[in-house]
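Me: I am new to reading protein models, and I would like to learn one feature at a time. Could you walk me through this one?

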Amino acid sequence: MLVLSAWPPWITKNYAEKAVSDKFNKEWDGVDDGCSLTNLISSQRTFFGYKVSIEFTCGGALKEKTPVQRELFVSFIGLVHGSVK
């Protein structure tokens, strides 16, 4: 069981990217001058899950929209760890 948890075949690249995208959208849903996901930079299988790097911009029309990069981790049980705020 430990070996399967270390390299979980049920957590695919597509699953990890969708989980991160869904978390991002959920956290910024309903915020007027919130952030928008602009790019999924990379996805890499690691021990016990996937590491997904994203890029997003924040702010309204009057603010300078500087891209922000974050790295999130999708664990072998499918939870996304890390903050997008």
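Reply: Happily! A helix here is a DSSP run of at least four residues, a strand is a run of at least two, and both are numbered from the N terminus. Keep in mind that this is a predicted model. The chain has two helices and four strands, and along the sequence they follow the pattern α-α-β-β-β-β.

Me: Which two residues in helix H2 lie four apart, about one turn of the helix?

Reply: They are Lys18 and Asp22. In general, side chains of opposite charge can pair when their charged atoms come close. In this model the side chains of Lys18 and Asp22 meet in a salt bridge, with 2.8 Å from N to O. A search of the whole structure finds two salt bridges.

Me: What is the salt-bridge partner of Glu27?

Reply: Glu27 pairs with Lys23, and their closest N and O atoms are 3.7 Å apart. Because Glu27 and Lys23 are four residues apart in helix H2, about one helical turn separates them.

Me: Are these charged residues buried or exposed?

Reply: To answer that, use two cut-offs: buried means under 20% relative accessible area, exposed means over 50%, and partly exposed lies in between. Lys18 is at 51%, so it counts as exposed. Asp22 has a relative accessible area of 40%, so it is partly exposed. Glu27, at 24%, is also partly exposed. Lys23, on the other hand, is among the buried residues of H2.

Me: How many residues does H2 have, and what span should they give?

Reply: The rule is 1.5 Å times one less than the number of residues. Helix H2 runs over residues 13-28, which is 16 residues, so it should span 22 Å. Its end C-alpha atoms are 23 Å apart, which agrees. After H2 comes Gly30, whose phi is positive, near 85 degrees.

Me: Which residues of H2 are buried, and what covers them?

Reply: Among the buried ones are Ala16, Ala19, Val20, Phe24 and Trp28. Their cover includes strands E1 (35-46), E2 (49-58), E3 (68-75) and E4 (80-81). In the chain as a whole, buried residues make up 36% of the 85 residues.

Me: Let's turn to those strands. How are they ordered in the sheet?

Reply: Strands of a sheet pair through backbone hydrogen bonds, either parallel or antiparallel. Here the four strands make an open sheet in the order E1-E2-E3-E4, with antiparallel pairing. E1 and E4 stand at the edges with a single partner strand each, so one side of each has no neighbour in the sheet.

Me: How many bridges join E1 to E2, and how many join E2 to E3?

Reply: There are 10 bridges between E1 and E2, and eight between E2 and E3. You can follow Ser53 across the sheet: Ser42 stands opposite Ser53 in E2, and in E3 the bridge partner of Ser53 is Glu71. You can also find Leu40 opposite Ile54 in E2, and Lys51 with its partner Phe73 in E3. E2 itself is mostly covered, with seven of its 10 residues buried.

Me: How many residues lie between E1 and E2 in their hairpin?

Reply: Two residues lie between them, and Phe48 in that turn has a positive phi of about 70 degrees. Phe48 turns up again on the surface, where Trp7, Trp10, Phe47, Phe48, Phe76, Ile77 and Leu79 make a nonpolar patch of about 730 Å².

Me: Where in the chain do Trp10 and Ile77 lie?

Reply: Trp10 is in the loop between helix H1 (2-6) and H2. With 42% relative accessibility, Trp10 counts as partly exposed. Ile77 belongs to the loop between E3 and E4, and at 59% relative accessible area Ile77 is exposed. Now look at Pro8: its C-alpha atom is 8.7 Å from that of Ile77, although the two residues are 69 apart along the chain.

Me: What share of the contacts joins residues at least 24 apart?

Reply: Counting contacts between residues at least 6 apart in sequence, 45% join residues at least 24 apart. As a last number, the accessible surface of the chain comes to about 5,600 Å², and 56% of that belongs to carbon and sulfur atoms.

How values were computed: Residues are numbered from 1 along each chain as its sequence is written. This is a predicted model: local features need pLDDT of at least 70, side-chain atom pairs count only at pLDDT 80 or more; totals for chains, interfaces and linings use all residues. Side-chain values use heavy atoms; hydrogens and water are left out. Buried means under 20% relative accessible area, exposed over 50%, partly exposed in between (1.4 Å probe, protein chains only). Contact means heavy atoms within 4.5 Å. Patches are made of residues with over 30% relative accessible area and no salt bridge: like charges are joined within 9 Å, nonpolar side chains (Val, Leu, Ile, Met, Phe, Trp, Tyr) within 5 Å. Accessible areas come from the Shrake-Rupley method with a 1.4 Å probe; for residues, only the protein chains shown count as cover. A salt bridge is a side-chain nitrogen of Lys or Arg within 4 Å of a carboxyl oxygen of Asp or Glu. Two strands pair if DSSP finds at least two bridges between them.
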